[in-house]
Amino acid sequence: MILVFKHFFYKNYVGLSLWPFIILKEDSLKTDEVLINHERIHLKQQRELLIVPFYIWYILEWLFRTLLYLDSYRAYQNISFEREAYAHERDMVYLSQRKTFGFLDYLTR
């Protein structure tokens, strides 16, 4: 289910997946296939980690990488979940071919 909340986002962020929702900054983004696919990849990650552990892992990895890079945005870009989603957001068949726990391939890249 896709929801729109215009005042929910910080800076340049335009989409967010919070199981089972995709939340967008603007109604027009509902037609952005790449963005929606990116967020669907996150929903798949959340489901396979049973939702709450996904958020714990996401935050811990972001904290670790923030300390590593001393840059919170660079840390965000290098979270394994984000790396997988960005790498495959333009591949509209990726989710049907994705191996379980595919984000693990992006932990050490």
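## The pocket and its lining

Let's start with the biggest contributor: helix 1 supplies 6 residues to the lining of the largest pocket, more than any other element gives. Keep in mind that this is a predicted model.

How much space lies in the largest pocket? About 880 Å³. Its lining is made up of 29 residues, and the ones nearest the pocket's centre are Y13, G15, Y58, Y76 and E82. Sort the lining by class and you get 18 nonpolar, 7 polar and 4 charged residues.

Helix 1 (33–48) has company here. Strand 2 (15–18), helix 2 (52–69), helix 3 (72–77) and helix 4 (80–88) also each put at least two residues into the lining.

## The sheet

Now for the strands. There are 3 of them in an open sheet, arranged in the order 1-3-2 with mixed pairing. Strand 1 (2–4) and strand 2 sit at the edges, each pairing on one side only. From one strand to the next, the twist averages 25°.

Which way do strand 2 and strand 3 run relative to each other, parallel or antiparallel? They run antiparallel, and 4 bridges join strand 2 to strand 3 (residues 21–24). To spot one of these pairings yourself, find L18: its bridge partner in strand 3 is F21.

## Where helix and sheet meet

Helix 1 turns up again here, packing on the sheet and touching strand 1, strand 2 and strand 3. Compare directions and you'll find that helix 1 makes about 25° with strand 2. So, two elements to follow in the 3D view are helix 1 and strand 2, since both supply residues to the lining of the largest pocket and helix 1 touches strand 2.

Methods
Residues are numbered from 1 along each chain as its sequence is written. This is a predicted model: local features need pLDDT of at least 70, side-chain atom pairs count only at pLDDT 80 or more; totals for chains, interfaces and linings use all residues. Side-chain values use heavy atoms; hydrogens and water are left out. On a 1 Å grid over the protein atoms alone, a cavity is a set of points where a 1.4 Å probe fits but cannot get out, and a pocket is an open set with protein on both sides within 12 Å along at least five of seven lines; lining residues have an atom within 4 Å of a point. Grid points are joined across faces, edges and corners, and a volume is the space filled by probe spheres set on the points. Ala, Val, Leu, Ile, Met, Phe, Trp, Tyr, Cys and Pro count as nonpolar, Asp, Glu, Lys and Arg as charged, and the others, Gly among them, as polar. Two strands pair if DSSP finds at least two bridges between them. Axes are lines fitted to C-alpha atoms, for helices over the stretch in contact, and angles run from 0 to 180 degrees between N-to-C directions. Contact means heavy atoms within 4.5 Å.
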